[in-house]
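Colleague: Could you walk me through this one? I'd like to start with the strands and then move on to how the chains meet.

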Amino acid sequence: MGYFLQVVIDAVSLGSLFALVSLSIGLIFGIMRLINFAQGDFVTIGAYSLLAPAAGAAPVLFLGALPWPLMIVLVLAVVVVLALVTERVAFRPLRNAEPATLLVSSFAVSYFLQNLVIVLYTSRPKALSLGTEISTVVDIFGLRIASIQLLTIVVTITLLVAISAFLRFTPLGLQMRASAENFRMARLLGVRANRVIAGAFAIAGFLGGVVALLLTAQTGVIDVRAGATLAVFGFFATVIGGMGSLVGAALGGFLVGAVSAVLQTILPADVRPFRDAVVFAAVIVVLLVRPRGIIASKSKERV
Amino acid sequence: MIAARNNFICHLKAATPVLLLIVPLVLAALLADQFGSIGVLRSVTEALIKIVVVVGLYIFIGNSGVISLGGTAFMAIAAYATTWQTCCSMMKPMVMSGLPEFLKHMTVPFAPAALIAVALAGLAAFISGLVLMRLSGLAAAIGTLALLFIVNVTYSNWDSVTMGASSVVGIPTYVTVWIALAAASGSIVVAYLFQISRAGLALRATREDEIAAQAVGISIFRTRLLAFTISGAVLGLAGVLYAHFLGVLAIDMFFMQLTFLSLSMLVVGGMGSLAGAVVGVVSLSLVIELFRTLERGIWLGETKASLPAGSQELVLAVIMLCILIWRREGIMGWKEITWPFTRHQPVSASGEKIEAAA
Amino acid sequence: MGILDLPRGGPSGYPGSRLIAEGVTVRFGGVSALSGVDLELGQSEIVGLIGPNGAGKTTLVNVLTGFQRPTQGKVELDGLDLRSDKPFQLAARGISRTFQAGRLFRRLTVRENLEVAGFHTGCTRRQARETADRLLEELDLTAFAGSTAGSLNYGHERRVGIGRALATKPKFVLMDEPASGMNDAECEELVACIAGIPAQFGCGVLLIEHNMKVILNACERIQVMDGGKRIAMGKPKAIITDARVRAAYFGTRHATAAGGNGIH
């Protein structure tokens, strides 16, 4: 029983990070049919903003040197600004392009951001500890849970609740939901495209910043490709959960996390390394069986 | 006699778009071989191999209009296949203990090994295509990307035959500039023959309008599957060339980086024409070469100025974005090159001149 | 003689193939787009299909060409059940169509548009090209053979659409509003072209059209639909005087062939 709960905790905390990433991707996809692979690089840059640009392996703190409330605020601000700039410079001119073209352009943006980090910080991974309090282990009902896992789960659930409240009760949130439903109709009804899309990117940036902090706290290492890996799983999770809906996207994230964690436990040791392949294969199956989520807006093309 | 001559001229005319692509490549190879330094020669060889890659991508993406992100997976499959057959007979039984017995103790000559590897890549494309070609548009792009990840995860963990994440070294390096040239020319010819074939035309019709194409009796699934298979085989050839050009093989050589680079070349050149594929490789290779030099540093008087590592990729991403934003049809913009150089006159993909509509 | 070598039932000859729909019902969610519609089309006749917007005409064509599965009902070609065939298989069986939106292969040349439609018969590229060239000549489009389809004007685009449908060597051509957006002179040309199709190409025509002039001049029989149902079927003269048709189609205001809902 205890072992089982341990697996559940692992699954949920891993799933939390995926859920935050896939929610960001799903939010932007719903509105402008863009699969934003650069979401992962928002995370990466958020993490690197803790450090000052330097070539050496020893980390030189930048935002990481500040008191933690200020640090959190500034990291989030950096990523939000980055997301907004990305939207303005790269994605806005492409707004009417085919979804596949948009996907390719987001690869370009992602490639750009990754290499920007390499130019500034080199490609060497850097070690960084965000305080000792979060690396302690708490004992709850005989379960030993790393406090960072607990923090991740709590933060994620809080954010999911906050975002659904935002989407439900604020004017901008309503406009976003309307746009995700039918962007053209929403625009006809007076929704201002630029505001809604900028709002979605701001939220995506905010979530990216949160993931950056949680990930850094969990791993203690900052790596150029960390965010991209997360984006891949987050993205495939969005597909599995259904790209049409935000709830689906978040659930997809948890599901992928859970499946990964469970497969890690139940698969025999020599098959275990291939568990990610199972997740990727599931993506193809979902695409075949339920393509609606992906192409909801175009599936009923009028003949 | 006259008929035969007319026929010959007719064929020559039909072959112009191909010849106009191949002849400059031959000249480049000749010049590099005669006058270039070893570095230049290697760069030219590598660019020729990249032409095989991008032309391989073009066969499917260009004609179908469906973006596949899984092409590099077939390169990996063929690269490993040729390595298993030709590499390091002494070490093989130990470092690749999972290979079947007959492979472990046998070394296959280069040419049959390459053929088998190419066939295997084609077969892999065919089998995965049976599933993936049922998808369209964005779903196809995502599905093929998932395929790339599946192959990557499988090969990087299948330690007993791929040596996992570590590199295989000591692969015989027989790829000279001439072999690369032959492969590049061959792939251009294959792509062109496919493009003007019935299947190629049918595939281009599906690219223009999926629904109308079905209404005139075209099976989208079958035409795409055929192109995906041919494309997979040509990409397989590129994988074989890479392995035997570098002499080193690691699975991450065939992952996101190469996928992005080759797709950029196709997009920048123009994914609507074969000429676009070749022009894309040539132009981006030149840019990359320039920035590689700058990253190594150049002497300005007394001081050595150099760009930091990563600048080359930054520039590449910016070029790609600019093309996507301002000239989505790429440099060539759906046109093939015809003789005399009438690039501005619209030409159908079969190289047939188009008269202006009244 | 037609230019395509097909077994055909000319106006005086034997009846040829028959395309039959019986009791076809299509529901989208709770809404019925078609409820129990019948249609019969012979290989040597031109049948008009009229009705106000939303009557289900295009849906019926989509069912006959495999783009829409019927919820209920039969679709048969000479007794062969067609319901599980995909669109490309139906095209190969000889059921061809044009589209309201044209849907030409815009970046292919006009000749290639027709050529590609002939491939499913298994002919070589050269044979397909010869057929295409002959068709272009018959349709008076030879001058545009080498132009890209996207560069054509509206009237020519329509004609290429018809040519492409004919290039599949069909037994039946279903035309979805071929005259929409055409002026009177173009319509007259179109009528002449359509009227000649059964004799010239050996195939039956189902003509969806809002323009009553085109319908009355081209069709031997007319089927009227409203609200997803067939409300009348008969000779043109009988149809324009049918009280139910006038009520449904022209509204209650007045009953001339030129007024009313959806007629342009």
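Colleague: Which residue of strand 4 of chain C stands opposite C:L19?

Modeller: This is a predicted model, where local features need pLDDT of at least 70, side-chain atom pairs count only at pLDDT 80 or more, and totals for chains, interfaces and linings use all residues. Residues are numbered from 1 along each chain as its sequence is written, with chains lettered from A and ligands numbered from 1 in the order in which they are written. Strand 1 (18-28) and strand 4 (72-77) of chain C pair in the antiparallel sense over five bridges (pairing takes at least two DSSP bridges; strands are DSSP E runs of at least two residues and helices H or I runs of at least four, numbered from the N terminus). Opposite C:L19 in strand 4 of chain C you'll find C:L77.

Colleague: Okay, and which strands of chain C are the edge strands?

Modeller: The sheet is open, with four strands, antiparallel pairing and the order 2-1-4-5 in chain C. An edge strand here pairs on one side only, and in chain C that goes for strand 2 (31-42) and strand 5 (80-81).

Colleague: What angle does the direction of helix 1 of chain C make with that of strand 1?

Modeller: Helix 1 (57-64) of chain C packs on the sheet, touching strand 1, strand 2 and strand 4 of chain C. Axes are lines fitted to C-alpha atoms, for helices over the stretch in contact, and angles run from 0 to 180 degrees between N-to-C directions. For helix 1 and strand 1 of chain C, that gives about 115°.

Colleague: Over to the interfaces: which helix of chain A gives the largest share of the side that touches chain B?

Modeller: The contact takes 35 residues from chain A and 33 from chain B (contact puts C-beta atoms, placed from the backbone, within 7 Å). Helices 4 (99-121), 9 (226-241), 11 (275-289) and 12 (292-295) of chain A each supply at least two residues of that side. With 14 residues, the largest share comes from helix 4 of chain A.

Colleague: And how many residues of chain B are in contact with chain C?

Modeller: On the chain C side, helix 2 (87-93) and helix 3 (110-117) each supply at least two residues. Chain C brings 29 residues to this contact, and the number from chain B is 24.

Colleague: Last one: what is the radius of gyration of chain A?

Modeller: The C-alpha trace of chain A spans about 60 × 45 × 35 Å along its principal axes. The globule rule is 2.2 Å times the number of residues to the power 0.38, with the radius taken over C-alpha atoms. For 303 residues a compact globule would come out near 19 Å, so chain A agrees, at 19 Å.

Key:
Contact = placed C-beta atoms within 7 Å.
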